Amino acid sequence: MRLTDRLLAELGDPGLEQIGGMLSTDPGRARDAIAAAAGMIVGGMARDAEHPDAAEALRAALDEHTDADPFNGDVASLARDGQNILAHVLGGQGTETAAYGLARLSGLDPGAVMRLLALLAPMVMSLLAVRANEAGMSTDEMAAELGRERATLPRELAGLLADAFGDLPEPHATRARGTVW
């Protein structure tokens, strides 16, 4: 099961309704926005995981998220953790570009999409951590898994992901050496 599908299953109808309220939209549109935002986060993680140092940093960070339960956490804490994760996987400018691109695709407010990205990032990270630990994935196996996930992104999201990264020569996790996930 893809991480995005797992995320939607974990959120369930109550989560979709809550996020729909946050986005000022109906649960169906919220579902589409969540799937797109989660795809962007997974795509950013996959891009980082293509580089050995960044992949090692991500794999190490997963260990810190294994026991976390972001689905029942305090929204303010999730958002702070999410901003930190987004800084690593998309970068500041990349996060902004992704939010505006997702807003254009979805017709939602860019500010709401930015909040959605921050809320979902710890959830995606936690789901990936659980999957990696349950399967005993090495760093290379985790990177391959993320690559497979990224390959399933719709063309529009793949294009937004490319726009978010522009011509950056290296992944964000490598450039952010010394910072904590």
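How many nonpolar, polar and charged residues does the lining of the largest cavity have, by class? I opened my notebook with this point and then worked through the rest of the predicted model.

**Entry 1: the cavity**

I found seven nonpolar, one polar and no charged residues in the lining of the largest cavity. The lining consists of Ala33, Ala36, Ala37, Leu102, Ser106, Leu108, Val113 and Leu116. I noted about 40 Å³ of space in this cavity, and the count of cavities of 30 Å³ or more came to one. I then looked up the elements around the space: H2, H5 and H6 each supply at least two residues of the lining. The most comes from H2, with three residues.

**Entry 2: helix H2**

I turned next to H2, which runs over residues 27–49 and has 23 residues. From its first C-alpha to its last, H2 reaches 32 Å, close to the 33 Å expected at 1.5 Å a residue. Is H2 largely enclosed by the rest of the structure, or largely open? I recorded that 17 of its 23 residues are buried, so H2 is largely enclosed by the rest of the structure. At the N-terminal end of H2, I found Asp26 acting as a cap. A side-chain oxygen of Asp26 lies 3.0 Å from the backbone nitrogen of Gly28.

**Entry 3: the loop before H2**

I looked up Ser24, which sits in the loop between H1 and H2. Its phi is near 55°, a positive value in a residue other than glycine. I set this beside a general rule: most residues other than glycine have a negative phi. Is Ser24 buried or exposed? I entered it as exposed, because its relative accessibility is 66% and the cut-off for exposed is over 50%.

**Entry 4: the nonpolar core**

In soluble globular proteins, nonpolar side chains tend to be buried together. With this in mind, I looked up the largest nonpolar core, which holds 58 residues. The members that touch the most others are Leu7, Ile19, Ile34, Met45, Leu102, Leu120 and Leu146. I listed the helices that each supply at least two residues of this core: H1, H2, H3 (52–65), H4, H5 (92–106), H6, H7 (139–151) and H8 (155–165). H6 gives the most to this core, with 15 residues. I also noted that Leu102 belongs to the core and to the lining of the largest cavity.

**Entry 5: the largest pocket**

I looked up the largest pocket and wrote down a volume of about 270 Å³. Its lining has 14 residues, and Gln18, Phe71, Val75, Leu119 and Met123 lie nearest its centre. H1 (3–23), H4 (75–89) and H6 (110–134) each supply at least two residues of this lining. The largest share, six residues, comes from H1. By class, I entered nine nonpolar, four polar and one charged residues.

**Entry 6: the second largest pocket**

The second largest pocket has a volume of about 190 Å³. I found 13 residues in its lining, of which Arg6, Leu127, Val130, Arg131 and Glu134 are the closest to its centre. The elements that give two or more residues to this lining are H1 and H6. Which element gives the largest share of the lining of the second largest pocket? I recorded H6, with five residues. By class, this lining has seven nonpolar, one polar and five charged residues.

Methods: Residues numbered from 1 in each chain as written. Predicted model: local features only at pLDDT ≥ 70, side-chain atom pairs only at ≥ 80, totals over all residues. Heavy atoms only, no water. Helix = DSSP H or I, 4+ residues; strand = E, 2+ residues; numbered from the N terminus. Expected span 1.5 Å × (residues − 1). Buried < 20%, exposed > 50% of the residue type's maximum accessible area, 1.4 Å probe, protein only. Polar contact = N/O pair within 3.5 Å; in protein donor to acceptor, adjacent residues only side chain to side chain. 1 Å grid on protein atoms, 1.4 Å probe; cavity = no way out; pocket = protein on both sides within 12 Å on 5 of 7 lines; lining within 4 Å. Points joined across faces, edges and corners; volume = space filled by probe spheres on them. Nonpolar A, V, L, I, M, F, W, Y, C, P; charged D, E, K, R; others polar. Core = buried A, V, L, I, M, F, W, Y, C linked by side-chain atoms within 4.5 Å.
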